[in-house]
Structures are given as C-alpha cells and as structure tokens.
Amino acid sequence: MPFQTVPPANRSQTPRLQPLVGVSALVAALLASSAWAQSVPNFPITPGQRATANQVAEAGVPLSELAPDAPDSYTVKRGDTLWAISRIFLKSPWRWPELWGMNLQDIRNPHLIFPNQVLYLVKANGRATLSTRRPGGGVETVKVSPRIRSEGLSDSAVPPISLQAIEAFLTESLIVDESALARAPRIVATPETRVLLSRGDRAYARGAYSSGEPGEPLSLDEGKPRDFRVFRNATPLKDPTTGQILGYEAQYVGKAQLERGEMSRQMASADGKVQTELIPATIDIVAAKEEMRVGDRMLPEPERLLSNYVPSAPNGVQTGQIVSVGQGNAVTYAAQNQVVVINRGKADGIERGHVLALLRETSTLTDKTDAARPTLRLPGERNGLMMVFQTFDRLSYALVLDIRDGVKVGDRFTNP
C-alpha cells in the first residue's frame, strides 16, 4: 500500500495515514470509491449530483454529446480542473456530473480525481462511458519510486474550477445591502489616539448608535458573532438598465476579533445629575490587508463556503446583465478565469453552480444592399459561459470559464 504511517507524538493518539505522491490510479480509484473518501468535508456530493450521476450511469452518455476530438484516454495532470477535463470529453463541460456519472463503480466521488489517474473513454451501442479501467484489460497502475512525501488528499484532488481565481472573493469579498451597511458596527477609537491600525493592535468599536438605523451592541453573549471583517469605501452596484442600487461592494481591509462587549452605565456628575456613560467594545486586529482607521466598518465573518461547485442549468429562465467587472471596477473587460458581478441573486432563484451563457452586445448597422437603407439590429450572439460561485440577495459573483471576446458591464446573459 502506498501509505506511510506517521508515528503519533503521543501514544494515546491514533496513527495517521498520509498518501504518497505518485499514487497509482488503482489506489486513487479505491480511495474515490471508499466511504472515507466520500466523507472528506471539502468535497461533498450533493443529492442533485448523485441523482444525475445515477441516471447517466445506467446507460452512459450519447455519442452525440461527446466533443468531436474526445480522446480515448486522458491522464490527469496537476493544475487540471474538472471543468477543463470535462471540456476534453464533452461538448458542454458544465455537464460534468454526467461525465463522472459514467462509471460510479470506479469513481464514487467525482470531486476526488487525482493527478496521474488515467481516464478511459469506452464507446458501445451508441453510448459512451468513462472508466479508470483500460478497455479489455485491468486497471492502469502508475509505478512510483520509493521516495516518501506526504500531502492531504483533499489538497491534491483536482478542483472543480480554478479556486485560485476566486479565492480573494471567497475570503475577502463583501456585498451588503443599504440597511446592513447603515447598521454595521464601526471602529470609533484607538489607544493613545493612534491614527492607523495593523495586525496585533487593539481598538474600540460600537454597534449600537443613537442616530440612523438602530444597530445591535457588540456582545460576547452566546450566539453572537466574535469574528468580523473590517471594510471601507462601500461602492454602490447599480443595475445597468434601471440605475437602481442593488447592493454595495465594500473594500476589505482586515479582520478583527471581539474581546469585550460594549456596555453603558449610569454615572452621577459633579452637579448631581445622572448621565449615561457609553463604554465601547474592545476588539483586536487579527489580520490586516491594509492599515485600518477610525470610521472603518465591520461585518460578521460569514460562514466558510465549501469548494463544491456542481454545475447545472437554472431551473427557470434567467436573463440579466453584468453589473461589475473585477473588484472595484479596476478593469473594463473580463477574460477567462476572471470574476464578474451579475444583477441576479438568491431572490431571483440563482444558486451556486448555476451556469449561464454570456451574450455579445447587440449592434445596429445600415443595410447597404437595400436602396431604402434600413437600419438593422444584429442579434446578440453567444460569447461564452460563466458559473456562479457566490450568491447574495440581489447580486452574485460568477467566474468566466469560456469566452471569445471580453466581457464588460452591461453585457447580457441567459440560460446555457
């Protein structure tokens, strides 16, 4: 077995098994089909994906759905994504749940495909199946040298899409509505009247304000957030057609942790009058992308999203437009593996994993072949595909996966 047992530091602990680099396709297939592999928290299989895979696994995929130049076999490489591998075999790469459903006996978990694993395309009776077993033979085995190196299985598994392209948007992006922005706690003071704050510094914040929309006081009570993202310069995101503000995209500057909650107490002044004394909450800056200052706002750290993106077409008809390209509109056009904001979100039925088709902007021209010189409007042609990876109430982030021309604000999208 290509595993190295790592002796525990304490004998009361259980030894851990670490995989070796260059694991054979046989072992990769066994790992992918094991109950343990299916329990890896970063790569769960959704009920919808399982249902699709089960359905396709009964007969395979029609040959007409294969890419014209689909190879008989493919060896998975480091840096591959499930999207890229699916594009090699299928005309529509967003249908990869069907691709991995071609052989559930070998590939029980479609999120656990590893480098050096060989995938074979088997064609029979007008259908195609995908297998880790060579047609007419056994399982391909990759020979490895006897060197030892350990790494986590979930780290070496092929990701669904380029996680590097969306990492900043998962860990730093902040889109809030107007009400949440108004109620957000703020940094109100620093020790020794310090102007700028960085990692390791202490500061003071308030959540309950007497003016504007009432916020909640920062508290250490059970169920209340203790970890916050710090942001500034909330930029309004407007619908390209109506001009309506759909939300605000904030500039992430760091993270803070609540150490003491805010409170108030009654104090008697020198003239005998009772006054309310406000004591702000104490926070510690635990991460800093930029230096922070008084006036910066805070929002609770959102729940970490799993990197499990199961591509699917929206259930109903979806149409909309690109609202923003990149963070802070720093660029005009988005290319492949860049992020855009769209004007549809949870309230519109958009979900993580939804694949949408990008359209070229329609244009007008004069028909010079007609003596009357009428004006013609050319229809918008398909320009590429994008996949939603994070949703908010009325907005969503999507990663451009296939594109012919650049994508800009105002471009439209529809169902794939």
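In the predicted model, Glu172 is buried, with a relative accessible area of 18%. The side chain of Glu172 nevertheless takes part in a salt bridge, meeting that of Lys289 at 2.9 Å, N to O. This pair connects distant parts of the chain: Glu172 lies in the loop between helix H7 (163-171) and strand E7 (175-176), while Lys289 lies in the loop between E14 and strand E15 (297-300), and the two are 117 residues apart. Lys289 counts as partly exposed because its relative accessibility is 49%, and exposed would require over 50%.

The model holds 12 salt bridges in total. Another of them is formed by the side chains of Arg87 and Asp402, with an N to O distance of 2.1 Å. Here too the pair links distant parts of the chain, with Arg87 in helix H4 (residues 82-89) and Asp402 in strand E22 (residues 396-403), 315 residues apart. Arg87 has a relative accessible area of 34% and is therefore partly exposed. Asp402, at 17% relative accessibility, counts as buried, since buried means under 20%.

A further salt bridge brings together the side chains of Asp411 and Lys408, at 3.2 Å from N to O. Asp411 counts as buried, at 4% relative accessibility. Lys408, at 22%, counts as partly exposed. Elsewhere, Arg229, Lys255 and Glu301 are joined into one network by salt bridges that share partners.

Glu262 presents another case of a charged residue in a buried position: this residue is buried yet has no salt bridge. Glu262 is placed in the loop between strand E11 (245-260) and strand E12 (263-268). The nearest side chain of opposite charge belongs to Arg206, 4.3 Å away, so the pair does not count as a salt bridge, for which the distance must be within 4 Å. The side chain of Glu262 instead reaches backbone nitrogens. That of Gly207 is reached at 2.6 Å, and that of Leu218 at 2.8 Å.

Arg206 itself belongs to strand E9 (residues 202-206), along which the side chains alternate. Ala203 and Ala205 point to one face and are buried. Arg202, Tyr204 and Arg206 point to the other face and are not buried. Strand E9 pairs with strand E8 (residues 186-189) in the antiparallel sense over 3 bridges, and within this pairing Arg206 is the bridge partner of Arg186. Strand E9 is also joined to strand E14 (residues 281-288) by 4 bridges, again antiparallel. In the pairing with E14, Ala203 of the buried face stands opposite Ile283.

A separate open sheet consists of 4 strands in the order E3-E6-E5-E4, with antiparallel pairing. Strand E3 (61-62) and strand E4 (73-75) are the edge strands, each pairing on one side only. In the interior of this order, strand E5 (residues 118-124) and strand E6 (residues 127-131) run antiparallel and are joined by 5 bridges. Leu121 stands opposite Leu130 of E6. On the edge strand E3 is found Val61, which counts as buried because its relative accessibility is 3%. The C-alpha atoms of Val61 and Lys123 are 9.3 Å apart in space, although the two residues are separated by 62 residues in sequence.

On the surface, Leu365, Leu376 and Leu378 form a nonpolar patch, with about 220 Å² of accessible area together. Leu365 is located in strand E19 (residues 363-366). At 37% relative accessibility, Leu365 counts as partly exposed, and this value is over the 30% needed for a residue to be part of a patch.

Methods:
Residues are numbered from 1 along each chain as its sequence is written. This is a predicted model: local features need pLDDT of at least 70, side-chain atom pairs count only at pLDDT 80 or more; totals for chains, interfaces and linings use all residues. Side-chain values use heavy atoms; hydrogens and water are left out. Buried means under 20% relative accessible area, exposed over 50%, partly exposed in between (1.4 Å probe, protein chains only). Two strands pair if DSSP finds at least two bridges between them. Patches are made of residues with over 30% relative accessible area and no salt bridge: like charges are joined within 9 Å, nonpolar side chains (Val, Leu, Ile, Met, Phe, Trp, Tyr) within 5 Å. Accessible areas come from the Shrake-Rupley method with a 1.4 Å probe; for residues, only the protein chains shown count as cover. Lys and Arg count as positive and Asp and Glu as negative; His and the chain ends are not counted. A polar contact is a pair of N or O atoms within 3.5 Å; within protein, one must be able to donate a hydrogen and the other to accept it, and residues adjacent in sequence count only if both atoms are side-chain atoms.
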